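Work through the exercises below with the sequence and the structure at hand. Each task is followed by a solution in steps.

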Amino acid sequence: LLGLAVLTRHLLLPFLPIVFIALATEGREARWRRLAWVAVPIVVLAGTALWLDWRDDGRLRSTSNAGFNLWIGLNDTARRDLEAPIVYEEYLAYLESAETASERDRLLRQRTRDLLAERGVIATLGQQLGKQYFRLFDHGSFFTEQLPGGRVHDPRRGYAAQPRVLVVGLRLWNAVLYGLILVAAVWGIATAPIRRSRWLQVTLAFVAYNLVLFLALHVKSRYRLQILPFLVLFGAPVVTQLWGRIRGARASRPLGTWRAALAAVASVVVLFLAFGAPWLD
């Protein structure tokens, strides 16, 4: 899962050595064979993807680089994806800024430095915190926003008008299921034996790596695709424990007061990020 998640975006490739190191150092028995089974396909696929994006000027295609994503991320204004989009206009301006990709990137880097100098680092950080994670964790999806009443609904190219009960049911199911995943993941992280499990540590580091990236870069709600499986991974034991309690099984070891309090606060935070943007706007 980590390997497939890394392959979804070039910007995740720097995390790949962490996966390989964990494979190579966990236990002695057949560790190199495990490393080969995972590393070789990933390296081949990642290398092929990078090679296909290589151009005559000897660099990756500029439209997929971090510089353009950073510029868009700093200039996005909406707290929700698909609202006030700026990518298309900025991309046209980027293409018209110079003849070559290298010169366009140089000018874009200078514009980014000027923007940071004008706003200030602290003010920029505050602006990013006020929108980026709302965009990333928003409960809306490209599917639900194509339904009647959605932000990109177009009956000529998408879903035509349907019975209201169906539309409401789909939206409600999406919101409830997603909210449960987020809350279960938070409590799962609080209860998971992370100190005793190398792979839980690697997984949590991968989620943190994504959160750091998306504090600055352009964010769409679909960009949480690579971390969603791991939210489910952490949340699954919580669901299992709750089901066991319903069936009368012996309760698991309770959380300490501070950890339970932190988990409760974190649950409120993630739910607010998922559902609170309309209230702020």
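## Exercise 1: Phe234 and Gly235

Phe234 is in contact with Ala184, Ala185, Gly188, Ile189, Ala192, Leu200, Thr203 and Leu204, leaving aside its neighbours within four places in sequence. The model is a predicted one.

Task: State where Phe234 lies and whether Phe234 is buried or exposed. Then do this for Gly235.

Solution.
1. Phe234 is placed in helix 11.
2. The relative accessible area of Phe234 is 4%. Buried means under 20%, so Phe234 counts as buried.
3. One of the contacts of Phe234 is Leu204. The C-alpha atoms of Phe234 and Leu204 are separated by 9.3 Å, and the two residues are 30 residues apart along the chain.
4. Gly235 also has its place in helix 11. With a relative accessible area of 4%, Gly235 is buried.
5. Outside the neighbours within four places in sequence, Gly235 is in contact with Ala184 and Ala185. Between the C-alpha atoms of Gly235 and Ala185 the separation is 4.0 Å, at 50 residues apart along the chain.

## Exercise 2: Aromatic pairs

Task: Find how Phe15 and Phe206 are paired, and which parts of the chain the pair ties together. Then follow Phe206 to Phe230.

Solution.
1. The structure holds 8 aromatic pairs.
2. In one of them, Phe15 and Phe206 are 5.2 Å centre to centre, with 65 degrees between the planes. Planes over 60 degrees apart count as edge-to-face, and the pair of Phe15 and Phe206 is edge-to-face.
3. Phe15 lies in the loop between helix 1 (2-7) and helix 2, and Phe206 in helix 10, so this pair ties together parts that are 191 residues apart in sequence.
4. Phe15 is buried at a relative accessible area of 5%. Phe206 has 0% relative accessibility and counts as buried.
5. For Phe206 and Phe230, the ring centres are 5.6 Å apart and the planes are at 75 degrees, so this pair is edge-to-face.
6. Phe230 lies in helix 11 and Phe206 in helix 10, so the pair ties together parts 24 residues apart in sequence. Phe230 is buried, with a relative accessible area of 3%.
7. Phe15, Phe206 and Phe230 join Tyr209 in one aromatic cluster.

## Exercise 3: Nonpolar cores

Task: Which residues of the largest nonpolar core touch the most other members, and which helices each supply at least two residues?

Solution.
1. The largest nonpolar core has 39 residues; Phe20, Leu35, Leu136, Phe137, Leu182 and Phe206 touch the most other members.
2. At least two residues of this core come from each of helix 2 (16-25), helix 3 (31-52), helix 8 (132-137), helix 9 (164-191), helix 10 (198-213), helix 11 (228-246) and helix 12 (257-275).
3. Apart from this core lies another, of 8 residues, including Trp71, Leu74, Tyr94 and Leu108.
4. Take Phe20 as a case: beyond its neighbours within four places in sequence, Phe20 is in contact with Leu35, Ala39, Ile42 and Val43.
5. As background, nonpolar side chains in soluble globular proteins tend to be buried together.

## Exercise 4: A surface patch

Task: Which residues form a nonpolar patch on the surface with Tyr88, and is Tyr88 buried or exposed?

Solution.
1. Tyr88 is in helix 5 (residues 87-96).
2. Tyr88 has 57% relative accessibility. Exposed means over 50%, so Tyr88 counts as exposed.
3. Together with Leu92 and Leu95, Tyr88 forms the patch, with about 280 Å² of accessible area for the three together.

Terms used
Residues are numbered from 1 along each chain as its sequence is written. This is a predicted model: local features need pLDDT of at least 70, side-chain atom pairs count only at pLDDT 80 or more; totals for chains, interfaces and linings use all residues. Side-chain values use heavy atoms; hydrogens and water are left out. Patches are made of residues with over 30% relative accessible area and no salt bridge: like charges are joined within 9 Å, nonpolar side chains (Val, Leu, Ile, Met, Phe, Trp, Tyr) within 5 Å. Accessible areas come from the Shrake-Rupley method with a 1.4 Å probe; for residues, only the protein chains shown count as cover. A salt bridge is a side-chain nitrogen of Lys or Arg within 4 Å of a carboxyl oxygen of Asp or Glu. Helices (H or I, at least four residues) and strands (E, at least two) are DSSP runs, numbered from the N terminus. Buried means under 20% relative accessible area, exposed over 50%, partly exposed in between (1.4 Å probe, protein chains only). A nonpolar core is a set of buried Ala, Val, Leu, Ile, Met, Phe, Trp, Tyr and Cys residues joined through side-chain atoms within 4.5 Å. Contact means heavy atoms within 4.5 Å. Rings of Phe, Tyr and Trp (its six-membered ring) pair if their centres lie within 6.5 Å; planes under 30 degrees apart count as stacked, over 60 as edge-to-face and the rest as tilted.
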